[in-house]
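Please open the structure in a viewer and keep the selection panel at hand. The tour below proceeds from one selection to the next and states what is to be found at each stop.

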Amino acid sequence: MNLLVLAEDFYPNVSGGAHARWRFCQLAVERGHDVTVFTPRRPETPKRETVSGVDIVRPFKAKPGGVPAYATSARVTRAAFSVGLCCYLVWWLRRRAFDGVHSASTSLHWVGKVLSTLYGLPLVTFVGYTPSISEDPRWTLQFVRERIIFRLFMGDVVFCRVQPVKEVIKDLTPSDVAVLDGILNAPRIRDASESVDRADVRKRFGVGPEQKLVVFVGRLVPIKHCRGAIDVVERLPDDYRLIVVGDGPERDPLVEAAENRGVADRVKFGGELPHDETLGCIAAADLLLLTSEEESYATVALEALALETPVYATPVGVLPEVDNPRLALGPVERLPSLIRERSLESSSGLD
C-alpha cells in the first residue's frame, strides 16, 4: 500500500507519541508499504528527507520556536498550520495515488477527513489522551473543539489507547472504535539492555555505587507534574539521587524548586537526550519515577518495565491495567512511602 500519514509530533522528536508514530512507519516500510509522512518543520529539520525508507515532508512550521505546544500563541499557529497543510495536500494529492490516510494528531484529524472525502481514501485515526475523560471535564475551548472533532472528523476506524477514551468516542461517532495496545521499540530496548555500561552512566551523573539512582523522563511541562519528582526525592533518604531527563518550560522552576527544598545537590538535569541514551539511563537506574497528572499511554514506564527497572508512578494512562511485580502506583504524596515499603529490585535483564 501507499500510505499517507499526518502527525504533529514525529521523528526526530523524542516524545512518546513521536516514538510510537515513527515505529509504526518503520514497521510499515519493513512490511513492504510505501509511507509518506507530513509533519511540522522544526528549526533543525529539513523540508524533506527519507529516513529508514520513510519519506518525511515538513512543508511549514506549526508554532514559533521555543514556545510550548499548549501556549495560546502556539495554538493559533498550529491551527494555521493545519489549514495550510490541508490546502497544500488537496493540491499535492491531485496527481498522486494513495491507498489510505492515517491521522495521528487531534489537530490534523479534520485534514485527514477532508482528504478522505475528496479522494475516496480509507481513513484511520488515532486518539491518545483527551480531556473528555476527566472526572470533572470543563467546557473549555479545547474540550468543545475535541467534541466537535470526535463527532465530525473521525475515520472509518478509530484507535485509542485506553477504554475510557474509547467510550467517549463511541458515543459521538458511528465509526468502529477499538483499543490498540502500544508498541515498544524492541531492537533499541534490547540493545540498551545488552550494551549499556550501568556503572559508567551512574558515574557520568555523579551517583556512587552505594547510592540509589532515581530517573525521571519526560517533557518538562505542567501536565507531567515535574515538581512532584522533587517532592518525592525530598522525602526520601539522603542516598537517593535524581536524574531529570528532558527539557521544557518547567526546567528553570524545577531547578529553583530543588534549590529551595535543599536537594539541589541530589538532583541532576540531563537535558533532552537521544532515545538510546535515555534508555541507557533507565536501564542503569534503581527506579523510574513518573508523576504525571495525565498520560495517554505512559510509554516510558513500559520501557522501564521491559528493562526490568522498577516503576513508581501515578495511576495514569494504561498503567492501572498493567499487572507487573515491578510496578507500584499511587498519588505523588504516597510514592515516597511506596518506595521505602516495597523496595522493588532492579535487574540487568530483559522482560
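**First stop: the six-stranded sheet**

The model is a predicted one. Begin by selecting the strands β9 to β14, six strands that form an open sheet with parallel pairing. Their order across the sheet is β11-β10-β9-β12-β13-β14. The edges are held by β11 (267–271) and β14 (327–329); each has a single partner strand, so one side of each is left without a neighbour in the sheet. From one strand to the next, the twist averages 25 degrees.

Now restrict the selection to residues 212–217 and 240–245, which are strands β9 and β10. Six bridges join this pair, and the pairing is parallel. Within it, leucine 213 has arginine 241 of β10 as its bridge partner.

Add residues 275–284 to the view; this is helix α10, which lies across β9, β10 and β12 (287–290). The helix runs at about 145 degrees to β9. Next add residues 299–306, helix α11, which also packs on the sheet and touches β9, β12, β13 (311–313) and β14. The direction of α11 makes about 165 degrees with that of β12.

**Second stop: the eight-stranded sheet**

Select β1 to β8 next. These eight strands form an open sheet of mixed pairing, in the order β3-β4-β2-β1-β5-β6-β7-β8. At its edges stand β3 and β8 (176–179), each of which pairs on one side only. The twist here averages 20 degrees from one strand to the next.

For a parallel pair in this sheet, select β6 together with strand β7 (residues 157–160), which are joined over four bridges. Valine 124 has valine 157 in β7 as its bridge partner. Helix α3 (residues 109–119) packs on the sheet and touches β1, β5 and β6, with its direction at about 170 degrees to that of β6. Helix α5 (residues 163–170) may be added as well: it lies across β6, β7 and β8 and runs at about 175 degrees to β8.

**Third stop: the hairpin and its surroundings**

Move to residues 48–51 and 54–57, strands β3 and β4, which run antiparallel and are joined by four bridges. Valine 51 stands opposite valine 54 in β4. The two strands form a hairpin with two residues between them. In the turn, select serine 52, which has a positive phi of about 50 degrees.

Then select arginine 41, in the loop between β2 (34–38) and β3. Which residues does arginine 41 touch, if residues up to four places away in sequence are not counted? They are Pro46, Lys47, Arg58, Pro59, Phe60 and Lys61. The C-alpha atoms of arginine 41 and alanine 62 are separated by 7.1 Å, although the two residues are 21 apart along the chain.

One of these contacts of arginine 41, Phe60, leads to the next selection. A search of the whole structure finds eight aromatic pairs. Among them, phenylalanine 60 and tyrosine 88 form an edge-to-face pair, with 5.9 Å from centre to centre and 85 degrees between the planes. This pair links distant parts of the chain: phenylalanine 60 is in the loop between β4 and α2 (72–92), whereas tyrosine 88, 28 residues apart from it, is in helix α2.

**Fourth stop: a pocket and a cavity**

Select Phe24, His102, Val124, Phe159 and Leu180, which lie nearest the centre of the second largest pocket among its 23 lining residues. About 570 Å³ of space lies in this pocket. Its lining divides into 14 nonpolar, four polar and five charged residues. The elements β1 (2–6), α1 (16–30), β5 (100–103) and β6 (123–127) each supply at least two of the lining residues. Helix α1 has the largest share, five residues.

Finally, turn to the largest cavity, with a volume of about 100 Å³. Residues to select in its lining include Gly16, His19, Trp22, Arg188, His275, Thr299 and Glu303. Which element gives the most to the lining of this cavity? It is α1, with five residues. Both α1 and α11 supply at least two residues each. The lining of the largest cavity divides into four nonpolar, five polar and three charged residues.

Technical notes:
Residues are numbered from 1 along each chain as its sequence is written. This is a predicted model: local features need pLDDT of at least 70, side-chain atom pairs count only at pLDDT 80 or more; totals for chains, interfaces and linings use all residues. Side-chain values use heavy atoms; hydrogens and water are left out. On a 1 Å grid over the protein atoms alone, a cavity is a set of points where a 1.4 Å probe fits but cannot get out, and a pocket is an open set with protein on both sides within 12 Å along at least five of seven lines; lining residues have an atom within 4 Å of a point. Grid points are joined across faces, edges and corners, and a volume is the space filled by probe spheres set on the points. Ala, Val, Leu, Ile, Met, Phe, Trp, Tyr, Cys and Pro count as nonpolar, Asp, Glu, Lys and Arg as charged, and the others, Gly among them, as polar. Two strands pair if DSSP finds at least two bridges between them. Axes are lines fitted to C-alpha atoms, for helices over the stretch in contact, and angles run from 0 to 180 degrees between N-to-C directions. Contact means heavy atoms within 4.5 Å. Rings of Phe, Tyr and Trp (its six-membered ring) pair if their centres lie within 6.5 Å; planes under 30 degrees apart count as stacked, over 60 as edge-to-face and the rest as tilted.
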